[in-house]
Amino acid sequence: MHVLIVGSGISGLRLADLLSNTDITFDIIEARNRIGGRILTETPSVDNYFDLGPTWFWPEKEPKIVQLIEELNLSTIEQYNEGQSLLELNDNKPVKYIKSSEVNSYCKRIEGGIKALVEALYQRIPTINIDFNTCAKAIKQNDNQTFTVTAVNKCTEEERTYDVDAVIFTLPPRLLFENIDFTPMLPETVKIDLLNKPTWMGAQAKAIVTYDQPFWRMDELSGNVISWQGPLREIYDVTTPNGDSALFGFFGLAPSYRNKETLASIEDKVINQLVRLFGEQARSYKNFYYKDWSQDDNTVTQGDTLNIESFPTYGQPPAYLDNIFFAGTEYDANNGGHLEGALASAEHAFNNIKKVDLAKEK
Ligand SMILES: Cc1cc2nc3c(=O)[nH]c(=O)nc-3n(C[C@H](O)[C@H](O)[C@H](O)COP(=O)(O)OP(=O)(O)OC[C@H]3O[C@@H](n4cnc5c(N)ncnc54)[C@H](O)[C@@H]3O)c2cc1C
């Protein structure tokens with residue numbers, strides 16, 4: 001059996017990893033020019049790594065990622081959560097001090113950034129071959145029950161087809177709905193289901209500010225902040241043990257507002273907020289990193305640029321065709337949104353492919 005995996009985020013790579021231990025062969029196509037998808041780490045040097053996508057995993061509730069990290073022999077860093085945290089309301093009153101445990105629960109980061117996880121995973125797949133810059137556009141079921149996927153190379157604009165026995169789509173559901181033509185057409189129930197699964201963090205942007213010293217720690221502050229004044233809504237310490245100190249934040253500013261601002265003005269607003277919260281030392285920063293996911297068309301659709309008000313219902317869509325599989329974090333009912341959910345969805349798809357392969361052999 002020969003399979004096409006569409007997407008090389010953590011779910012696509014984990015699928016490749018699992019398939020590489022079977023007789024099932026596979027190709028991977030990836031719209032970007034890199035692996036990782038939403039995993040994006042700035043690495044100005046070996047000791048400095050700052051995650052602009054996912055940062056944490058939660059060891060007490062996420063066994064799959066814990067096991068993978070162990071297997072890949074990666075080192076981890078406990079999230080700094082000592083000292084007090086700050087709560088800034090929109091009431092012109094002084095900032096309040098709150099317990100750090102109220103802001104962040106026990107979680108960890110990976111040395112080298114989350115990028116280290118996908119790079120190590122990629123390294124251990126012996127037969128991996130990824131066609132980068134290759135964007136799936138259409139899938140057609142052929143009379144002999146095989147499938148032809150048509151993809152376009154983003155650089156050369158050349159079209160290419162892949163004839164395979166099965167396809168695993170790992171892109172976010174709304175992107176799948178908008179960008180891929182299905183023949184036969186997706187049933188209405190599947191379309192509605194895909195549209196009802198917003199891309200996790202699709203409306204978010206992240207800013208990271210680096211410093212020589214974690215000066216907030218000297219004032220017995222954790223670096224954690226909840227702010228209703230913004231522009232950052234949540235702030236955390238992401239100091240690297242042997243490199244720079246750093247604070248990162250998620251934005252409270254909506255995508256429509258952010259998109260009207262220049263990068264310089266966003267940077268200015270973020271630094272002014274950090275000065276307001278942590279004092280003048282916050283003005284002497286080293287680097288500012290910024291990533292707005294709401295503008296990334298390999299992750300989001302127009303509909304994702306609205307902030308998610310409540311936690312979405314994630315899980316598998318209704319049945320379509322036996323040899324078409326859906327993996328990716330939004331397809332996991334238990335940990336959808338997180339890296340753990342992406343890994344679980346990959347295992348789920350893998351188990352189903354094995355069943356189809358077994359049935360084919362009989
Ligand atoms: C700002 C931010 C912070 C986050 N923080 C955390 C955190 O701290 N902890 C945590 O557990 N999770 C966090 N997450 C969520 C985490 O990043 C995701 O759960 C996980 O990375 C999703 O992986 P995936 O493989 O399912 O999807 P993706 O990473 O989105 O992979 C899909 C892949 O498909 C590719 N693709 C798209 N369209 C096509 C096409 N037409 N043809 C070919 N390829 C295509 C994409 O380029 C991408 O590589 C965060 C996410 C963001 C954005």
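These are my notebook entries on the ligand site, the empty spaces and the backbone of this structure.

**Entry 1. Confidence.** I noted before anything else that this is a predicted model. I looked up the scores next. The average pLDDT of the protein is 95, and 99% of the residues score at least 70. For the complex, the predictor gives a pTM of 0.97 and an ipTM of 0.99.

**Entry 2. Ligand shell.** I asked which residues come nearest to the ligand. The shell holds 37 residues, and the nearest of them are Ser11, Glu30, Trp56, Gly337 and Leu339. I then sorted the shell by class and found 19 nonpolar residues, 15 polar residues and three charged ones.

I went on to the secondary structure. At least two shell residues come from each of α1 (10-19), β10 (134-141) and α9 (339-361). The largest share belongs to β10, which supplies three residues.

**Entry 3. Backbone contacts to the ligand.** I looked for backbone atoms beside oxygen atoms of the ligand and wrote down three cases.

- For glycine 337, a backbone N or O atom is 2.6 Å from a ligand oxygen atom.
- For threonine 55, the distance from a backbone N or O atom to an oxygen atom of the ligand is 3.1 Å.
- For isoleucine 10, a backbone N or O atom sits 3.3 Å from an oxygen atom of the ligand.

I also checked how much of the ligand is covered. The ligand exposes 1000 Å² when taken alone, and the protein buries 99% of that area. Glycine 337 thus enters my notes twice, as one of the nearest shell residues and as a backbone contact to a ligand oxygen atom.

**Entry 4. Second largest pocket.** I turned to the pockets and recorded the second largest, with a volume of about 200 Å³. Its lining consists of 13 residues. Nearest the centre of this pocket I found Gln316, Leu321, Ile324, Phe325 and Asn352. By class, the lining has nine nonpolar residues, three polar and one charged.

Which elements supply at least two residues each to this lining? I found β20 (324-326) and α9. Helix α9 had already come up in the ligand shell, where it supplies at least two residues.

**Entry 5. Cavity.** How many cavities of 30 Å³ or more does the structure hold? I found one. The volume of the largest cavity is about 70 Å³. I listed its lining as Tyr49, Phe50, Asp51, Thr55, Arg109, Ile110, Lys206, Val238 and Phe248. These divide into five nonpolar, one polar and three charged residues.

Strands β4 (48-51) and β8 (108-110) each give at least two residues to the lining of the largest cavity. The most comes from β4, with three residues. I marked Thr55 here, since it lines the largest cavity and threonine 55 also has a backbone N or O atom 3.1 Å from a ligand oxygen atom.

**Entry 6. Cis peptide bonds.** I went through the backbone and noted two cis bonds that precede proline.

The bond between threonine 183 and proline 184 is cis, with omega at about 0°. I placed proline 184 in the loop that runs between β14 (181-183) and α5 (188-195).

From glycine 230 to proline 231 the peptide bond is also cis, and omega is near 5°. Proline 231 lies in the loop between β16 (221-227) and β17 (232-237).

**Entry 7. Positive phi.** I asked where asparagine 73 is found. Asparagine 73 belongs to the loop between α2 (63-71) and β5 (76-78). I had picked out asparagine 73 for its phi near 60°, which is a positive value in a residue other than glycine.

Conventions: Residues are numbered from 1 along each chain as its sequence is written. This is a predicted model: local features need pLDDT of at least 70, side-chain atom pairs count only at pLDDT 80 or more; totals for chains, interfaces and linings use all residues. Side-chain values use heavy atoms; hydrogens and water are left out. A residue is near a molecule or strand if one of its heavy atoms lies within 4 Å of it. A polar contact is a pair of N or O atoms within 3.5 Å; within protein, one must be able to donate a hydrogen and the other to accept it, and residues adjacent in sequence count only if both atoms are side-chain atoms. Accessible areas come from the Shrake-Rupley method with a 1.4 Å probe; for residues, only the protein chains shown count as cover. Helices (H or I, at least four residues) and strands (E, at least two) are DSSP runs, numbered from the N terminus. Ala, Val, Leu, Ile, Met, Phe, Trp, Tyr, Cys and Pro count as nonpolar, Asp, Glu, Lys and Arg as charged, and the others, Gly among them, as polar. pLDDT is the predictor's confidence in each residue, from 0 to 100. On a 1 Å grid over the protein atoms alone, a cavity is a set of points where a 1.4 Å probe fits but cannot get out, and a pocket is an open set with protein on both sides within 12 Å along at least five of seven lines; lining residues have an atom within 4 Å of a point. Grid points are joined across faces, edges and corners, and a volume is the space filled by probe spheres set on the points.
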